[in-house]
Amino acid sequence: MTFPLLAEPCPVAVKHRDPALIGRHAAQALVLEVETWPKPGLVSHIDNGAHADMDADLLRLSARTLEPFFVALAEAGAMNAGMDRLRQIGIEAEKAMRDATGGVNTHRGAIFGLGLLAAAAGLAANRAWQAPLGTLVAQRWGRDILNHAPEHDTHGSVVARRYQVGGARAEAAAGMPSVYDVARPALAEGRRLAMGNEEAARVHACMALIAVVDDSNLLYRAGPEGLNFARDKTSAFLADGGVGRASWRWDAKAVHEAFVARNLSPGGCADLLAMALFTEVLES
């Protein structure tokens, strides 16, 4: 089956065509997410956030372990592989991740979302298509993503049934709107507010994501009350000036500590931040 060019191509080109380089950028995006502090409730190079089972070293190991699978997904995308093939690579990636981490789920969500973007990067570069990678994910694999029955034992599937939210599958099928409409603009805003400080920009984007995303991890851990608490705290941080204030790091640290005290960890937003960083590098 072939897929035509978009009727009105967006002037976005994939700069890196080598699957090995695409895979390297995907893994590096995961590392950059770890090397960001303070992210509310999340693991960083400074502390473990609301997690007793993982730390920065484990997440770095996980990212290195997953790199060859992101390469394989880029190669599969370049061959216009269907969702069944991408799903099989994802299953192999998750097994390798759990083997490396002693069974800890460090990056399951990222394997799905970032893996689809890696496959789209392979497809876009091979076909010289000019469109956002999220658009290519939606166009090429969106229908299959929604039509495939979700697994019943994952946090995401439990939350989707309980609270009627779309989660990662709906996000991908819609073209990754949280990446392109929330995280990417927030990264740009963070850079304007804290010039020369890339870590500050990443914190700003993470806060912006938590303020609006129906994060499955937050809902699973604490239900709508926890989600609303997280949104209120991060929205207040942004309304007060975000990373544009001299005291931004300490204000963000206070939000982080409030999340840890309530055992809140927006892991879905961490994945979306990594996806935003990846698409920034790949798209001109």
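**Cysteines, nonpolar cores and helix α11**

In this predicted model, the number of disulfides comes to zero. C206 takes part in no disulfide, the nearest cysteine sulfur being that of C269, which lies 6.4 Å away; because a disulfide requires two cysteine sulfur atoms within 2.5 Å, this separation of 6.4 Å leaves C206 unpaired. C269, for which the nearest cysteine sulfur is that of C206, is likewise in no disulfide. C206 is buried, with a relative accessible area of 0%, and C269 also counts as buried, at 0% relative accessibility.

The largest nonpolar core comprises 78 residues, and those with the most contacts inside it are L86, L116, L133, V137, W141, M176 and F278. Helix α4, spanning residues 108-127, gives the most to this core, contributing 11 residues. A second core, separate from the largest one, consists of seven residues, among them V34, V43, M54 and V104.

Helix α11 covers residues 248-261 and thus has 14 residues; the distance from its first C-alpha to its last is 20 Å, close to the 20 Å expected at 1.5 Å a residue. Its buried residues are W248, A252, V255, H256, A258 and F259. Seen down the axis of α11, these buried residues fall within an arc of 160°, so they line one face of the helix. The elements that cover the buried residues of α11 include α9 (198-212) and α10 (216-239), whereas on the other side of α11 both W250 and A261 are exposed. Just after α11, N263 adopts a positive phi of about 60°.

How values were computed:
Residues numbered from 1 in each chain as written. Predicted model: local features only at pLDDT ≥ 70, side-chain atom pairs only at ≥ 80, totals over all residues. Heavy atoms only, no water. Core = buried A, V, L, I, M, F, W, Y, C linked by side-chain atoms within 4.5 Å. Buried < 20%, exposed > 50% of the residue type's maximum accessible area, 1.4 Å probe, protein only. Helix = DSSP H or I, 4+ residues; strand = E, 2+ residues; numbered from the N terminus. Expected span 1.5 Å × (residues − 1). Arc of directions from axis to C-beta. Contact = heavy atoms within 4.5 Å.
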